[in-house]
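Please walk through this protein from its exposure classes to its aromatic pairs, its pockets and a few single residues.

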Amino acid sequence: MGYRDLKVDVYADSADIQVMINEYERGIVKGFTTNPTLMKKAGIKSYTNFAKELINKITDYPISFEVFADDFETMKKEARELASYGKNVYVKIPITNSAGKSSVELIRELSLEKINLNITAVFTLQQVKDVVSEFAPHTNNIVSVFAGRIADTGVDAEDIMKEAVKICKSRPNIKCLWASCREVFNIIQADRCGADIITVTEDIMKKIPLLGKDLEEYSLETVKMFEQDSRKLGFKII
């Protein structure tokens with residue numbers, strides 16, 4: 001299977017505007033997401049400048065921006081501000097705040113305001129159910145299930161994702177997203193689970209063209225790489 005055969009939409013997960021523009025022009029991705037950790041890594045100095053610049057450059061693909069506040073009242077204000085930047089903006093709301101208090105009341109309120117929402121840091125099926133039940137009719141929403149981190153605990157993320165997809169599809173205009181992608185094979189897993197979206201970081205984006213590559217050909221390329229590096233090192237065993 002090549003990447004053109006995928007049913008799942010690939011979103012680039014980044015806070016580097018040039019990388020995001022490059023991926024947009026390459027034509028593989030169908031949307032974009034970012035988060036505070038990626039912004040810290042990219043050295044973003046102004047969130048608003050970053051968001052507005054990106055929205056001005058990419059107007060036709062969905063872009064998810066996350067709130068930074070930890071209290072729900074400030075989250076609400078930030079969500080409204082972010083949503084005002086463009087019709088293609090999805091506001092990322094964490095499933096709880098850092099004290100573990102559920103965000104469902106805020107989700108309900110923002111959804112009633114017709115704000116596009118992307119609920120993030122979702123790990124359990126109960127959280128998926130809680131979120132889906134709060135979305136207002138005729139609104140566009142994403143539920144980001146952190147399948148990669150779930151798998152890090154030794155749990156089969158595919159089993160959870162299959163059920164999460166069913167829950168999301170029980171109502172219209174709700175997309176289920178496979179988050180925290182760890183390797184290219186996760187894209188295949190997300191695709192066969194029926195997930196609508198998978199977020200992919202820059203290092204994995206570079207490997208997507210390998211999907212469907214002939215393994216014997218890839219084996220030979222690997223041997224050639226080892227041989228070239230051996231010559232450059234100049235080492236001798238005998």
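A residue counts as buried under 20% relative accessible area, as exposed over 50%, and as partly exposed in between. Ala 121 has a relative accessible area of 29%, so this residue is partly exposed. The model is a predicted one. Ala 121 sits in strand E5, and its phi is near 65 degrees, a positive value in a residue other than glycine.

Ser 180 also calls for a look at its backbone. Its phi is positive, about 55 degrees, although Ser 180 is not a glycine. Ser 180 lies in the loop between strand E7 (174-178) and helix H9 (185-193). Its relative accessibility is 14%, and because the limit for buried is under 20%, Ser 180 counts as buried.

Back in strand E5, where Asn 118 is also placed, the side-chain contacts can be followed. Is Asn 118 buried or exposed? Its relative accessibility is 0%, so Asn 118 counts as buried. The side chain of Asn 118 makes two kinds of link worth tracing. One is a polar contact of 3.1 Å with the side chain of Ser 64. Another polar contact, of 2.7 Å, joins the side chains of Asn 118 and Ser 144. Leaving aside neighbours within four places in sequence, the residues in contact with Asn 118 include Thr 33, Tyr 90, Val 91, Lys 92, Ile 93, Ile 142 and Leu 177. Ser 64 and Ser 144 are on that contact list as well.

Val 131 belongs to helix H6. At 0% relative accessibility, Val 131 counts as buried. Which residues does Val 131 touch, not counting those up to four places away in sequence? They are Ile 95, Ile 107, Ile 119 and Val 143. Ala 42 serves as a distance reference: Val 131 and Ala 42 are 89 residues apart in sequence and 30 Å apart in space, C-alpha to C-alpha.

The aromatic rings come next. A pair of aromatic rings is described by the distance of the centres and the angle of the planes. With ring centres required to lie within 6.5 Å, the count comes to 5 aromatic pairs. One of them is formed by Phe 50 and Phe 65, with 6.2 Å centre to centre and 85 degrees between the planes. Planes over 60 degrees apart count as edge-to-face, so the pair of Phe 50 and Phe 65 is edge-to-face. This pair links distant parts of the chain, with Phe 50 in helix H3 (residues 47-57) and Phe 65 in strand E3 (residues 63-66), 15 residues apart. Phe 50 is buried, with a relative accessible area of 4%, and Phe 65 is buried, with a relative accessible area of 0%.

Another pair is formed by Phe 123 and Phe 146, at 5.7 Å centre to centre and with 25 degrees between the planes. Planes under 30 degrees apart count as stacked, so Phe 123 and Phe 146 are a stacked pair. This pair too links distant parts of the chain, 23 residues apart. Phe 123 is in the loop between strand E5 (117-122) and helix H6 (125-132), while Phe 146 is in the loop between strand E6 (141-145) and helix H7 (147-152). Phe 123 is partly exposed at 31% relative accessibility, whereas Phe 146 is buried, with a relative accessible area of 16%. Beyond single pairs, Tyr 47, Phe 50, Phe 65 and Phe 68 form one aromatic cluster.

The pockets remain. Rolling a probe the size of a water molecule over the atoms shows where empty space is left. The largest pocket has a volume of about 880 Å³. Of the 38 residues that line the largest pocket, Asp 13, Asn 35, Thr 37, Leu 38 and Arg 149 are the closest to its centre. Helix H2 (36-42), strand E4 (89-94), E5 and helix H10 (202-205) each supply at least two residues of this lining. H2 gives the most, with 5 residues. The lining of the largest pocket divides into 15 nonpolar, 13 polar and 10 charged residues.

The second largest pocket has a volume of about 160 Å³. Which residues line the second largest pocket? They are Met 1, Val 184, Lys 207, Leu 210, Leu 211, Gly 212, Lys 213, Leu 215 and Tyr 218. By class, this lining divides into 6 nonpolar, 1 polar and 2 charged residues.

Technical notes:
Residues are numbered from 1 along each chain as its sequence is written. This is a predicted model: local features need pLDDT of at least 70, side-chain atom pairs count only at pLDDT 80 or more; totals for chains, interfaces and linings use all residues. Side-chain values use heavy atoms; hydrogens and water are left out. Rings of Phe, Tyr and Trp (its six-membered ring) pair if their centres lie within 6.5 Å; planes under 30 degrees apart count as stacked, over 60 as edge-to-face and the rest as tilted. Helices (H or I, at least four residues) and strands (E, at least two) are DSSP runs, numbered from the N terminus. Buried means under 20% relative accessible area, exposed over 50%, partly exposed in between (1.4 Å probe, protein chains only). On a 1 Å grid over the protein atoms alone, a cavity is a set of points where a 1.4 Å probe fits but cannot get out, and a pocket is an open set with protein on both sides within 12 Å along at least five of seven lines; lining residues have an atom within 4 Å of a point. Grid points are joined across faces, edges and corners, and a volume is the space filled by probe spheres set on the points. Ala, Val, Leu, Ile, Met, Phe, Trp, Tyr, Cys and Pro count as nonpolar, Asp, Glu, Lys and Arg as charged, and the others, Gly among them, as polar. Contact means heavy atoms within 4.5 Å. A polar contact is a pair of N or O atoms within 3.5 Å; within protein, one must be able to donate a hydrogen and the other to accept it, and residues adjacent in sequence count only if both atoms are side-chain atoms.
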